[in-house]
Structures are given as C-alpha cells and as structure tokens.
Amino acid sequence: MDKFFSQTNCDRCGGSLIEGRTMSMFNEECICLNCKEKETKHPDYQKAQDADIAEIKKGNYNFGGIGMKNKVFSDERIKEALAQFKQMQMEGDLKFCPRCGEQRMRDVPTHNCLSRQADVYVCEVCGAEEAIYAMNGNPLPLEYWHYTGLMEMSQAPTDHKQVD
Ligand SMILES: [Zn+2]
Ligand SMILES: [Zn+2]
C-alpha cells in the first residue's frame, strides 16, 4: 500500500497523480481521477462495484477486484472498423447502435446522430450522451463501445457482402 501513496504516476495512463489518486474498482491499480471517471462508464462497473461490496460484507477487505480485460484493439483500428460499419449503415438495414448496442437506429441512416468520436452513426440517446460527456471532456472510451465488444468476440460485421 506504500507504493499507492508514494507513486507519482497513474498505473493505467501514466499521467500525473498530482490532481488526486484512487484505487481502481476493477483491479489494484492506483489510477488518476481522469481514469477513474472513464472507469465508472465501463459496462461492467456496476458488477465490479457489487463484487467489491459483497467481499467487504464477507469481511474481505483485500479483494483484488474482478479484473479488467486488456485493451485488444487500438483506437485507430476501432475507428477504421467503425468507418467500414458506416458504409454498411448507409447501404443496409443495420438496426443496432454501434455505441450502446440497442436496436433503435432510425431507418434513414442520416436521421441518426453522427458520432463525435468516430465516423459512424449512433442512436439519438448515444448522441445526446456523447454531447454531455464531451462537455466534461470525458468521452466514452472506444473500447467500451458495443461494437468493440463484437470485434473482440469476432462477431462484428466487417464485410458488407456478408450482411443479409
Ligand atoms: Zn490515468
Ligand atoms: Zn446508442
């Protein structure tokens, strides 16, 4: 625990801890407040928090967290894939939103919201959320997007010829 208070850089992003530090909810990393803010948007954050609370109730104060999977794809790779996905959006009838995964995309592609983070259309709910996150300077990391999850499971539609 000594290292936690003496270290000067964030375990996750390498940034300075001068603004403050906290323990990750997912693992034992000492992270900056910016990384913490991002972490709270992780789809599994609730699960991580629940597990932590459950362990504390059991008397385990040294729970190491449920772990956080490593980033599989670079932002560039994800953006590339999303740009391809946009081509499919323009041509086909893909109803799911690449950001949240909900089946609520409008039939006319351009009637949805163009993401601020990648060249792709997202649903209205995500569009509104992106605007709020952008105001706070803290966008939802691309690796948390629904589509990225599909890429990781190799289930993402990437070739529009395969879409029926
Ligand atoms: Zn950080
Ligand atoms: Zn959405």
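Phe 73 sits in the loop between H3 and H4 of this predicted model. With 15 other C-beta atoms within 10 Å, Phe 73 is partly exposed, because the count falls between the limit of 12 or fewer for an exposed residue and that of 20 or more for a buried one. Apart from neighbours within four places in sequence, the contacts of Phe 73 are Ile 78, Thr 148 and Met 151. The pair Phe 73 and Thr 148 is 75 residues apart along the chain, yet the two C-alpha atoms are separated by 8.1 Å.

**Helix H4 and its cover**

One of the contacts of Phe 73 is Ile 78, which is also among the buried residues of H4. The others in that buried set are Ala 81, Leu 82, Phe 85 and Gln 89. Around the helix axis these residues cover an arc of only 105°, which places them on the same side of H4. Exposed residues on the other side of H4 are Glu 76, Ala 83, Gln 87, Met 90 and Glu 91. Strand E4 (121-122) and helix H6 (146-152) are included in what covers the buried residues of H4.

**Nonpolar cores**

In soluble globular proteins, nonpolar side chains tend to be buried together. The largest nonpolar core here has 17 residues, and those touching the most other members are Leu 82, Val 120 and Val 122. H4, E4 and H6 are the elements that give two or more residues to this core. The contribution of H4, four residues, is the most.

Which residues does Val 122 touch, not counting those up to four places away in sequence? They are Cys 97, Pro 98, Arg 99, Asn 112, Cys 113, Ser 115 and Gly 127. A second core, separate from the one just described, has five residues, and among them are Cys 10, Cys 30, Ile 31 and Cys 32.

**Helix spans**

The table sets the end-to-end C-alpha distance of three helices beside the expected span.

| Helix | Residues | Length | End C-alpha distance | Expected span |
|---|---|---|---|---|
| H3 | 45-57 | 13 residues | 18 Å | 18 Å |
| H4 | 75-91 | 17 residues | 24 Å | 24 Å |
| H5 | 124-135 | 12 residues | 17 Å | 16 Å |

For H3, the distance agrees with the value expected at 1.5 Å a residue. The distance for H4 likewise agrees with its expected span. For H5, the reach from first C-alpha to last is close to the expected value.

**Positive phi angles**

Following H3, Gly 59 has a positive phi, near 95°. Gly 137, just after H5, also takes a positive phi, of about 65°. Ser 154 is not a glycine, but its phi is positive as well, at about 55°. This serine lies in the segment after H6. Is Ser 154 buried or exposed? Ser 154 has 7 C-beta neighbours inside 10 Å and so counts as exposed.

**Helix H2**

Leu 33 belongs to helix H2 (residues 33-39). Its 14 C-beta neighbours inside 10 Å make Leu 33 partly exposed. Leaving out residues up to four places away in sequence, Leu 33 touches Glu 19, Gly 20 and Thr 22. Between Leu 33 and Thr 22, which are 11 residues apart along the chain, the C-alpha separation is 6.9 Å.

**Domains and overall layout**

The protein chain is divided into domain 1, covering 2-57, and domain 2, covering 75-162. Taken over C-alpha atoms, the centres of domain 1 and domain 2 are 27 Å apart. Five residues from domain 1 and four residues from domain 2 take part in the contact. On the side of domain 1 that touches domain 2, one residue is nonpolar, one is polar and three are charged.

The protein chain has six helices and four strands. Read from the N terminus, their order is α-β-β-α-α-α-β-β-α-α. Along the principal axes, the C-alpha atoms of the protein chain fill a box of roughly 55 × 35 × 25 Å. Of the 164 residues in the protein chain, 21% are buried. Among contacts in the protein chain with a separation of 6 or more, 43% join residues 24 or more positions apart.

Notes. Residues numbered from 1 in each chain as written. Chains lettered and ligands numbered in written order. Predicted model: local features only at pLDDT ≥ 70, side-chain atom pairs only at ≥ 80, totals over all residues. Contact = placed C-beta atoms within 7 Å. Domains from an automatic or database assignment. Nonpolar A, V, L, I, M, F, W, Y, C, P; charged D, E, K, R; others polar. Expected span 1.5 Å × (residues − 1). Arc of directions from axis to C-beta. Core = buried A, V, L, I, M, F, W, Y, C linked by C-beta atoms within 7 Å.
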